[in-house]
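Open your viewer, get comfortable and come along for a short tour. At each stop you will hear what to select and what is there.

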Amino acid sequence: MTFSPELEARFDKLLRSYPPGRQRSAMIPMLLYAQDEIGSVTPELVEEVARRIGVSPLQVEEVLTYYSMLRRKPLGRHHVQICTNISCLLTGGEELWEHACRKLGIGHKEATADGHISLEEVECIGACSWAPALQVNYDFYHNVTVEQLDRLLDSLRKAQ
Amino acid sequence: MLYNEPSPLEVKVLTRRFGLPNSASIETYLQTDGYQAFRKALGMKPEEIIEEVKVSNLRGRGGAGFPTGMKWSFVPRTSPKPKYIVVNADESEPGTCKDRLLIENDPHQLIEGVLIAGLAVDAHAGYIYVRGEYRYLIEIMDRAIAEAYERGYLGKNLLGSGFDFDLYTHTGAGAYECGEESALLESLEGKRGVPRIRPPFPAVVGAFQCPTILNNVETFCAVPPIIRDGGAAFAALGVPKAGGTKLTCLSGHINKPGVYELPLGFPVMKMIEEVGGGMRNGKKLKAFIPGGSSCPVLTAQECEGLTMDYDAMAKAKTMLGSGGVVIMDEDTCMVKAALRIMRFYAHESCGWCIPCREGTTWLRKLLQRFHDGMGQRSDIGLIGDLAKNMLGRTFCPLGDAAAMPTISIVEKFAHEFEDHLNGKPCPYEKAERLAIA
């Protein structure tokens, strides 16, 4: 597989970050950074990462099923992750979640037909004091109101 | 960046650079006593460093509250194996959002704390394990690490001392359980984050089967002030047996939610009223979580006269935990709160230990049924019994973390479960929705 030069540089750095013989440590970061670039963890990616760190593809498979951010199928380009855990629940996180589902006509871990936006109800994202909070890909949005979410979803629909 | 106004009642030790222009840059850090503690530590014997940390009464800030100096003293310094420093930045305990700010606003303080720990146990490499969702922090941390290499605070022969140290960031990929130290080490080694049986503890057999110091971000960030100003000065800020300050994250039904650095021993009601600006919409306090969702929940009455420190919380049969304070007002449905907390633990249970895997799943189903108005009177006792059967019967504390809030809620708020039998489905739902609007 070929990756962008930035990702190759990231892989090189990762493989040099661990003690000799411990390159397996790079597995999870490699999978996540590659997923960011290609959209999901494909069977080819599993093979490629396994080859580069010197383990069997099965050993990569068993690890990848454990981590909730790693996914085998691509989601939307703008992945909207709404927290409804305790602090967000107390401040309106459920209302945000319900509004997003209604507006987009999709549910948990689903994407719009054009593959543009996807939704996920997530566990605590570490923004409790600025709840309710959500993330679009890796970007945080704090103290979100239903109106702000509505405008955000409109702007994501228009964005490339 | 700061996300909330500071409070005048804060005692700013770890957060003193927050809000300075370019607070994350090495220039700002060096202009404000940065790396002075590391210089001082270079002239100290390892035992002296550990002794200073012991004197400070610093206790682990990730949740368990274990004395840090003692933890460091367990590392066999003379072992022929390499030693490692691992930073737990997997902040995932619901209610907790403080380590984020420490890295975002002052990453060099963390680097300096790691370096001093390295000197204390003769380690020459460290890893900062950052939860996957905090990608922006890895970028901030990587920039800070690059600056430190450029200025000779990381790399070979630091400040001409002959001491070498390399530091790396490592991303997680979504798993609450990896905040538990042995699961984190498994994850760092490229495996599923299932916990290890202990002993041996990480101090002896940790990262890559080598002796390892593993602490929370906030714990490492407390080390430079301790070495710079002395352990006694840090200890004096807190209470006996728990020195210094604690970053406290206020969230829920409060007027000024935010992260505040408060001296240990700060009164709970004063924290709610004066730091947090009181209850939102003038409502009454119903329930209080002192340190993240795994802590037993307290009633308003139990908060009277209570202080924010490890021993006071233990006496109140709960925990100071991670400092994630969640405040719930009179309109909150406690069955729903218990359900949401249990949904989280059921989602995060790795399935390794049966009491946790089955217990969290069945409790989630039972609580959901109750909240939907289909509960039976006998379920109230069953919820408590199931939760108690998880306590102490799992490898890692996730099982306990799920059981403790559930037991406290079903015992202290039993009448709310009764109300669900009478006013179906949820008699609180309407009030709760109004409170949010």
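Before the first stop, one definition: helices (H or I, at least four residues) and strands (E, at least two) are DSSP runs, numbered from the N terminus. Two strands pair if DSSP finds at least two bridges between them. You are looking at a predicted model, in which local features need pLDDT of at least 70, side-chain atom pairs count only at pLDDT 80 or more, and totals for chains, interfaces and linings use all residues. Residues are numbered from 1 along each chain as its sequence is written, while chains are lettered from A and ligands numbered from 1 in the order in which they are written.

**Stop 1: a hairpin in chain B**

Select residues 245-252 of chain B, which form strand 5. All eight of its eight residues are buried (20 or more other C-beta atoms, placed from the backbone, lie within 10 Å of the residue's own), so strand 5 of chain B is largely enclosed by the rest of the structure. Now add strand 6 of chain B, residues 258-263, which runs antiparallel to strand 5 and is joined to it by six bridges. A hairpin links these two strands of chain B through five residues. For one rung of this pairing, find B:Lys246, whose bridge partner in strand 6 is B:Leu262.

Which way does strand 11 of chain B run beside strand 5, parallel or antiparallel? Select residues 324-329 to see strand 11 of chain B: it is parallel to strand 5, with four bridges between them. Here B:Gly252 stands opposite B:Ile327.

**Stop 2: all of chain B**

Zoom out to chain B, with its 19 helices and eleven strands. Its C-alpha atoms fill a box of roughly 75 × 45 × 35 Å along the principal axes. Of its 437 residues, 58% are buried.

Try colouring chain B by domain, with bounds that come from an automatic or database domain assignment: domain 1 (26-231), domain 2 (245-329) and domain 3 (334-436). The C-alpha centres of domain 1 and domain 3 of chain B are 36 Å apart. Even so, ten residues of domain 1 of chain B are in contact (C-beta atoms, placed from the backbone, within 7 Å) with eight residues of domain 3 of chain B.

**Stop 3: where the chains meet**

Show both chains together. How many residues of chain A are in contact with chain B? There are 38, and they touch 51 residues of chain B. On the chain A side, helix 2 (27-38), helix 4 (57-64) and helix 5 (86-90) each give two or more residues. Helix 2 of chain A gives the most, with five residues.

**Stop 4: the nonpolar core**

In soluble globular proteins, nonpolar side chains tend to be buried together. A nonpolar core is a set of buried Ala, Val, Leu, Ile, Met, Phe, Trp, Tyr and Cys residues joined through C-beta atoms within 7 Å. The largest one here has 184 residues, and those with the most contacts inside it include A:Leu31 and B:Ile116. Select B:Ile116: leaving aside neighbours within four places in sequence, its contacts include B:Phe38, B:Ile49 and B:Val223.

**Stop 5: the sheet in chain A**

Finish with the open sheet of five strands in chain A, which has the order 2-3-1-4-5 and mixed pairing. Its edge strands are strand 2 (110-111) and strand 5 (139-141), each pairing on one side only. Strand 1 (residues 78-83) and strand 3 (residues 117-122) of chain A run parallel, joined by six bridges. Look there for A:His79, opposite A:Ser118 in strand 3 of chain A.

Conventions. Buried ≥ 20, exposed ≤ 12 C-beta atoms within 10 Å, placed from the backbone. Contact = placed C-beta atoms within 7 Å.
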